[in-house]
Amino acid sequence: MEKQAQRSGAVSQSLPVPALSATGVVKRFDSTVALDGVSVDVLEGECVALVGESGSGKTTLLRCFNALVQPDAGRVLVDGMDVSTADVIELRRHVGYVPQDGGLLPHWRVGRNVELVLRLQRANGDLATRRDDALTIVGLDPGTFRDRWPRELSGGQRQRVAIARALAAHPRLVLLDEPFGALDAISRADLQESFAALRTARAAGRMTCVLVTHDLHEAFLLADRVAVLRRGRLEQVDTPAILLTRPATSYVNELLARARVSAADLDRRLVRHGAAT
C-alpha cells in the first residue's frame, strides 16, 4: 500500500486497510535467513504474485499469512488482526489455501474433499449445494466428479478440486503456493486461464490472493502486482507494466531478461482481462 504524506492544510484522506500486511518480517531456519526484513501489503481484492529464485523466501512469506510459519521478528496482519495473537485454527479455516501438490485426502472422494473446510466451520445451509457450486466454479461437473477418488483424476483435475476446496467456504483471502507448477503445459495454461477468468468475473466473490510462482509469465497474466524476492529481501513490488518498463534493481532487470518477459506478456494480460470483462 502506498504511504501518503500528510501535508499542512491538505484534506486528510483515510487509506484503505490492507487485507494482508507484512512489516519487517524476519525468519531464520538455523543459519539460513529465509526472510530478512520483508514488508509488503496486499489490498482487498488484489492479487499479488511472489516471484524469485528457489530459496528467495516466497513460500516462507506466504505461509506467514496463515501461521504455518511463525516469524522471528516483524509483524503479520490479516484483516488488521495480528497473526501472532490469533487463533490459528480459526484463521486457517477462514483463509483459503492451495498447496503445490493440491493436498487432497486420498481416502476421501472428491465431494468430501471439497466439503472439508465447510465441515470444519460447521457451515450453515446446504452443504451439497455449496460443494457443487465450488466444483462448477472451477469447471468440473459435480455429477461427473463428486464421487470420484483423487487417484482417478488427472493432475489438472486434482488441482481444480484443490482450488474448489479453497473456494467452497467463500473465503475473502486465498493463498496459492505454486498451484499450477507441477502440471503439463496444456493443463497449466488451461488452469491459468480459468483462474484469471474466475477472478475477473468474481464468480467466487471479491477475492484477495497471494500467488507464489517461479513463472514470471504466469505472474504477469494473473497478478495485479508482482513482488520480486531475492535471498529473503524484497527487490521490488509493482504492477507488471512498471516492473517491465522500470525495473528497480539490476537483479530485477536480469530476472526479467532471463525469463524472456516482454511487452507480449502485457498484451496477453490485456487480452485476457479484456475478454473476461
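User: In this predicted model, which residues is Phe195 in contact with, once its neighbours within four places in sequence are left aside?
Analyst: The model is predicted, and the contacts of Phe195 are taken here without its neighbours within four places in sequence. Phe195 also belongs to the largest nonpolar core, where it is listed among the residues that touch the most other members. Its contacts beyond those neighbours are Leu176, Phe180, Met207, Cys209 and Leu222.

User: Which helix gives the largest nonpolar core its largest share?
Analyst: The largest nonpolar core holds 49 residues, of which Val114, Phe195, Val226 and Val228 touch the most other members. The largest share of this core, amounting to six residues, comes from helix H6, residues 155–167.

User: How many residues does the second, separate core have?
Analyst: Apart from the core that contains Phe195, there is a second one, separate from it, which includes Leu20, Val42, Leu50 and Val76. One of these, Val76, lies in strand S4 and stands opposite Ala22. The size of this second core is 27 residues.

User: Why does Cys47 form no disulfide with the closest cysteine sulfur?
Analyst: Cys47 counts as buried, at 0% relative accessibility, and Cys64 is likewise buried, with a relative accessible area of 1%. A disulfide needs the two sulfur atoms within 2.5 Å, and the count for the structure comes to zero. The closest cysteine sulfur to that of Cys47 is in Cys209, and no bond is assigned because the distance is too far, at 4.7 Å.

User: How many bridges join strand S1 to strand S2, and how many join S1 to S4?
Analyst: Strand S1, residues 20–29, runs antiparallel to strand S2, residues 32–42, and Val25 stands opposite Val38 in S2. S1 also pairs in the antiparallel sense with strand S4, residues 73–78, where Ala22 stands opposite Val76. The bridges number eight between S1 and S2, and five between S1 and S4.

User: Which residue in the turn of the S1 and S2 hairpin has a positive phi?
Analyst: S1 and S2 form a hairpin with two residues between them. Most residues other than glycine have a negative phi. The turn residue with a positive phi, near 55°, although it is not a glycine, is Asp30.

User: Is Asp30 buried or exposed?
Analyst: Asp30 lies in the loop between S1 and S2. A residue is called exposed when its relative accessible area is over 50%, and the value for Asp30 is 79%, so Asp30 counts as exposed.

User: What is the relative accessible area of Arg260?
Analyst: Arg260 is found in the loop between helix H10 (250–258) and helix H11 (263–276), and its phi is positive, near 60°, in a residue other than glycine. Arg260 is exposed, with a relative accessible area of 70%.

User: Which arginine lies over the face of Trp108, and which has its charged end over the ring of Phe145?
Analyst: For Trp108, the arginine lies at 4.3 Å from the ring centre. For Phe145, the charged end is 4.6 Å from the centre of the ring. The residue over Trp108 is Arg112, and the residue over Phe145 is Arg148.

User: What percentage of the residues in the chain is buried?
Analyst: The chain has eleven helices and ten strands. Among its contacts between residues at least 6 apart in sequence, 67% join residues at least 24 apart. Of the 277 residues in the chain, the buried ones make up 46%.

Definitions and conventions:
Residues numbered from 1 in each chain as written. Predicted model: local features only at pLDDT ≥ 70, side-chain atom pairs only at ≥ 80, totals over all residues. Heavy atoms only, no water. Lys NZ or Arg CZ within 6 Å of the ring centre and 35° of its normal. Pairing = 2+ DSSP bridges. Helix = DSSP H or I, 4+ residues; strand = E, 2+ residues; numbered from the N terminus. Buried < 20%, exposed > 50% of the residue type's maximum accessible area, 1.4 Å probe, protein only. Core = buried A, V, L, I, M, F, W, Y, C linked by side-chain atoms within 4.5 Å. Contact = heavy atoms within 4.5 Å.
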